[in-house]
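Me: I am new to this structure and would be grateful for a close look at a single part of it. Please begin with one element and what covers it, and then follow the connections outward in one continuous account.

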Amino acid sequence: MSETRFFEDVQLGEKIRTGTFELTAEKVHEFASEYDPQFIHIDEEGAKEGPFGTIIASGWQTLSATMRLMALEKPFGNNPLIGMRIDELKFAKPVFPGEAVYVDAEVVSLKASSKGERGYVGIRLDTKTVGNDEIAATQIWTCLVPCRV
């Protein structure tokens, strides 16, 4: 979306599907080396003995991919995607190097602020793997969206 969308433009039940993002082996290793240097993310031999039997992407990388995909989708048009909180975060399955993810999202709540300058939009996000559409992570974001005032 390119037009500016305000709180009044958002509808309860509105659905969003993003593009995709591939978590290549190189991206998985680079991210984990910097932010989550656990053996299950960076050590091929060690990961064989781990709970998944192979390297997996960090859950935090999956969430970062989710943020990237939503930011590129621009659900509020030219208004930025401003997060106020995250609720009900759950990791349902690991993402493996070479898998791509996308986001299915739905607006689940709308609440105007008492001052009328902005509103709070609740969005349920399911980050899924391409190909089998399995949910890798789910969460509910509360986003701050300006009103037309």
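Reply: In this predicted model, the cover over the buried residues of helix α1 includes strand β2 (residues 21-23), helix α2 (residues 39-42) and helix α4 (residues 59-73). The helix in question, α1, spans residues 25-35, and its buried residues are Val28, Phe31 and Ala32. When α1 is viewed down its axis, these buried residues fall within an arc of 95°, so they line one face of the helix. The other side of α1 has another character: Glu26, Glu30 and Glu34 are exposed there. The helix thus has a buried face with Val28, Phe31 and Ala32, and an exposed side that carries glutamates.

One of the elements covering α1, strand β2, leads onward to the strands. β2 pairs with strand β4 in the antiparallel sense, over 3 bridges. Within this pairing, Leu23 has Glu99 of β4 as its bridge partner. Glu99 also takes part in a salt bridge with Lys93, in which the closest N and O atoms are 3.8 Å apart. Both members of that pair, Lys93 and Glu99, are buried.

Strand β4 covers residues 99-112 and pairs with β5 in the antiparallel sense over 11 bridges. β4 is also joined to strand β1 (residues 15-17), by 3 bridges, and these two strands run antiparallel as well. Which residue of β4 stands opposite Lys15? It is Glu106. Glu106 has a bridge partner in β5 too, namely Arg124. Glu106 of β4 is therefore a useful residue to locate when tracing the strands, because it faces Lys15 and is also paired with Arg124 in β5, where pairing of strands rests on bridges found by DSSP. Another pair between β4 and β5 is Val107, which stands opposite Ile123.

Strand β5 itself, residues 118-129, is mostly covered, with 9 of its 12 residues buried. Its connection to β4 is a hairpin with 5 residues between the strands, and Gly116 in the turn has a positive phi of about 80°. β5 is also joined to strand β6 (residues 135-146) by 11 bridges, and these strands run antiparallel. Among the pairs between them, Arg118 has Pro146 of β6 as its bridge partner. β5 and β6 form a hairpin that again has 5 residues between the strands, and Gly131 there takes a positive phi near 105°. For reading such strands, one general point is helpful: in a regular strand the side chains alternate between the two faces of the sheet.

Salt bridges add a further set of links, and the structure holds 9 of them. In one, Arg17 is paired with Asp104, the closest N and O atoms being 2.7 Å apart. Arg17 belongs to strand β1 and Asp104 to strand β4, so this pair ties together parts that lie 87 residues apart in sequence. The two partners are not equally covered. Arg17 is exposed, with a relative accessible area of 53%, whereas Asp104 counts as buried at 16% relative accessibility. Asp104 forms a salt bridge with Lys128 as well, with the closest N and O atoms 2.9 Å apart. This second pair also links distant parts of the chain, since Lys128 is in strand β5 and Asp104 in strand β4, 24 residues apart. Here, both Lys128 and Asp104 are buried. Arg17, Asp104 and Lys128 are accordingly linked in a network of salt bridges.

The account closes at the surface, with a nonpolar patch formed by Trp60, Ile86, Leu89 and Phe91, which together have about 430 Å² of accessible area. The largest share of this patch, 3 residues, comes from strand β3 (residues 82-91). Ile86 is one residue that lies in this strand. With a relative accessible area of 51%, Ile86 is exposed.

How values were computed
Residues are numbered from 1 along each chain as its sequence is written. This is a predicted model: local features need pLDDT of at least 70, side-chain atom pairs count only at pLDDT 80 or more; totals for chains, interfaces and linings use all residues. Side-chain values use heavy atoms; hydrogens and water are left out. Buried means under 20% relative accessible area, exposed over 50%, partly exposed in between (1.4 Å probe, protein chains only). Helices (H or I, at least four residues) and strands (E, at least two) are DSSP runs, numbered from the N terminus. The arc is that of the directions from the helix axis to the C-beta atoms. Contact means heavy atoms within 4.5 Å. A salt bridge is a side-chain nitrogen of Lys or Arg within 4 Å of a carboxyl oxygen of Asp or Glu. Patches are made of residues with over 30% relative accessible area and no salt bridge: like charges are joined within 9 Å, nonpolar side chains (Val, Leu, Ile, Met, Phe, Trp, Tyr) within 5 Å. Accessible areas come from the Shrake-Rupley method with a 1.4 Å probe; for residues, only the protein chains shown count as cover.
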